Amino acid sequence: MRFRLWIVTVLLAGCFGAAACGKSQDVKVAELHDAAGSWAATLKLVTEEWTRDALPSHFVQSTTSVAMTELQRAARRVRSTVGAAASGPADEVLARVPLLNEAVARGDQAAAMDIVRALVSAVPPKPTPPVARPR
Amino acid sequence: MKNFVKIGLGVVTGIGGFLDVGAIATTALAGAAFGFQLLWVVLLGTGCVILLTEMCGRLAAVSHHSLADAIRERLGFPYFSIPFVGEFLVDLLVLAAEIGGVAVALHLVTGVSYLWFVPLCALAVWGLLWLGTFTIIERGVSIAGLITLCFVVAACWMHPPWAEVARGVIPSLPSRDGVRYWFLAVSILGALISPYLLNFYATGAIEDKWTVKDIPVNRVIATGGMSFGSVIALAILVLAAVVLGPRGIQVDSYEQAVFILTRPFGRWGLYLFAASLGIACFGAALQVSLNLAYVTAQGFGWNWSENLKPHEDARFAAVYTAAVLVGAALLFVGDPLKLTTLSMALNAVIAPFIVFPLLVIMNDRAYLRDHRNHAIGNVLVAGVVLIAFVVAVVAIPLEVLGG
């Protein structure tokens, strides 16, 4: 009985300890940068797919809306713990999303592609090669 | 001939049972983040689930007990109450994630917020449970679920580097971001070794009136159905690794996962993805709702069968009705994809409480007579129990740090 109690206590302590420590500030900032790069790449791909008529314009707009929501939430969290400067890449993406929405609403494919190309060069994503043992 | 039909339908049902919102989401996440590196986890999970479902089917065929029934009877109500409460709560989350998956599928096609579709989807799930029979639910939705084979076609179409894919089936340690790697590994295992699937499979065998004669059929269905389901899950991981990873896209929402089919199929890819997600999740939502009612009714000794009219097993019907309502309500407080990853990690936490008693029961002559586990089977299941325990211990810390 005492042994079981000991195991349960260790497990609970481990869980709560991990929860209490959470993630370090560096990790939070790195995650925000990765998320910003990922959303920049997403917006580029969704625009490419829209320009080749593989996706409807409502899909582009709902993707931009999700990107805004996710990045705003993540940026707010990082700003509150690390500081305003840390959310730079996310702010970069957030600033260009309304421009992309406007271009898509106008049906201006060239302008939309220019916006997302500039976005990806400003906030480069981190690619993962399709391999089994990345170096 | 009758057996061939039974096996064919069973395998198709197995595919439907295997592939749900958890399998789709976790494999897409894994492929996008780690390339082919986590393919081995899908294979490990498939091996585990084949072993476990085969045993659950055998238990039902020989003893006419479902897993919940046998745990309560063999180990007593106090022990049963631990996995029961755990499974009930986690299944509610899984149900929310599955209903969310159907609603998101409709959102992807229409552009209307998924929340508007949640009540509609919940009503459709409940309506089919209320009016349908077990056969309709088991086979109808599963046959429709064959549309998910489009992932396999797409994976071949994209010409992935097959040598790398083959290397991915060999276990390897993470080269970076170890916490996230192991979190995804645990989530995949949680998605594949779903406790609801085990009891649902055994109860399905009872609903289908399996006997000892069906043991060979059970073996083929468990192996074939889960293996085919696994091929689809592997295809999703490969597609995410080929389409999303190289572009640096992580899967933070279902919108990002759609590209794995629009790249090979263009506009049809969107509709195929939505149909696959919607049908797989709809089938799984039916199974999880039913399982919640089965586990409760079997635990408390109430009347239960999906083949009875609701007034003949009113408490059973009341449980799935309440479950669907709660599952739908949860979607108004949580994002479907996040609910999915959370519920898959929690699945992993409760798995050992269900898998360990199975090992005990499968060696009990009173239940299995001459069909008890052999030594090799016991060693393999002991391995599964060990994996389940390790995964359960690390799941919550990994959810906090890497989820």
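In this predicted model, the place to begin is where the two chains meet: 34 residues of chain A are in contact with 36 residues of chain B. On the chain A side, the elements that supply two or more residues to this surface are helix H1 (2-21), helix H2 (25-51) and helix H3 (57-81). Which of these gives the most? That is H2(A), with eight residues. If you sort the chain A side by residue class, you find 18 nonpolar, nine polar and seven charged residues.

Let us now look at chain A as a whole. Five helices and zero strands make up its secondary structure, so to follow the chain from the N terminus on is to read α-α-α-α-α. Of its 135 residues, 36% are buried. Among the contacts in chain A with a separation of 6 or more, 70% join residues 24 or more positions apart.

A good residue to click on in chain A is A:Ile115, which is found in helix H5 (residues 109-122). Is A:Ile115 buried or exposed? It counts as buried, because 22 C-beta neighbours lie inside 10 Å, and 20 or more is what the term requires. Once neighbours within four places in sequence are left aside, A:Ile115 is in contact with A:Arg96, A:Leu99, A:Leu100 and A:Ala103. For a sense of the distances in this chain, take A:Ala36: A:Ile115 and A:Ala36 are 79 residues apart in sequence, and their C-alpha atoms are 15 Å apart in space.

Now turn to chain B and its nonpolar interior. The largest nonpolar core has 199 residues, and the members that touch the most others are B:Leu59 and B:Ile99. B:Leu59 is a helpful one to follow outward. Not counting residues up to four places away in sequence, B:Leu59 touches B:His65, B:Leu67, B:Ala70 and B:Ala202, and also B:Ile361, B:Met362, B:Tyr367 and B:Leu368.

The other of these two core residues, B:Ile99, leads us to a pair of packed helices. B:Ile99 sits in H4(B), and together with B:Gly100, B:Val102, B:Ala103, B:Val104, B:Leu106 and B:His107 it meets a set of residues in H5(B): B:Tyr114, B:Phe117, B:Val118, B:Cys121, B:Ala122 and B:Val125. By class, this contact has 11 nonpolar, two polar and no charged residues. How do the two helices lie against each other? Their axes come within 8 Å and cross at roughly 125°, and H4(B) and H5(B) are therefore oblique to each other. The crossing of H4(B) past H5(B) is right-handed.

Stay with H5(B), residues 114-131, and you come to another partner, helix H15 (residues 314-330) of chain B. Here the axes are 10 Å apart and the angle is about 165°. Why does this pair count as roughly antiparallel? The term applies to angles over 145 degrees, and H5(B) and H15(B) are therefore roughly antiparallel to each other. H5(B) passes H15(B) in a right-handed crossing. From H5(B), the residues in this contact are B:Val118, B:Pro119, B:Ala122, B:Val125, B:Trp126, B:Leu129 and B:Trp130, and they meet B:Ala317, B:Tyr320, B:Thr321, B:Val324 and B:Ala328 in H15(B). The class count is 11 nonpolar, one polar and no charged residues.

Two loop residues in chain B deserve a visit for their backbone angles. B:His64 lies in the loop between helix H3 (39-63) and helix H4 (67-110). Its phi is near 55°, a positive value in a residue other than glycine. B:His64 counts as partly exposed because it has 15 C-beta neighbours inside 10 Å. B:Lys209 lies in the loop between helix H10 (195-207) and helix H11 (215-243), and it too is not a glycine, yet has a positive phi of about 60°. With 10 C-beta neighbours inside 10 Å, B:Lys209 counts as exposed.

From that loop, step into helix H11 of chain B, where B:Val231 lies. B:Val231 is partly exposed, with 18 other C-beta atoms within 10 Å. Along the chain, B:Val231 and B:Phe151 are 80 residues apart, while their C-alpha atoms are separated by 9.3 Å.

Technical notes: Residues are numbered from 1 along each chain as its sequence is written. Chains are lettered from A and ligands numbered from 1 in the order in which they are written. This is a predicted model: local features need pLDDT of at least 70, side-chain atom pairs count only at pLDDT 80 or more; totals for chains, interfaces and linings use all residues. Helices (H or I, at least four residues) and strands (E, at least two) are DSSP runs, numbered from the N terminus. A residue is buried if 20 or more other C-beta atoms lie within 10 Å of its own, exposed if 12 or fewer, and partly exposed in between; C-beta atoms are placed from the backbone. Two residues are in contact if their C-beta atoms, placed from the backbone, lie within 7 Å. Ala, Val, Leu, Ile, Met, Phe, Trp, Tyr, Cys and Pro count as nonpolar, Asp, Glu, Lys and Arg as charged, and the others, Gly among them, as polar. A nonpolar core is a set of buried Ala, Val, Leu, Ile, Met, Phe, Trp, Tyr and Cys residues joined through C-beta atoms within 7 Å. Axes are lines fitted to C-alpha atoms, for helices over the stretch in contact, and angles run from 0 to 180 degrees between N-to-C directions. Angles under 35 degrees count as roughly parallel, over 145 as roughly antiparallel, 65 to 115 as roughly perpendicular and the rest as oblique. A crossing is left-handed if the near helix is turned anticlockwise from the far one by less than a right angle, and right-handed if clockwise.
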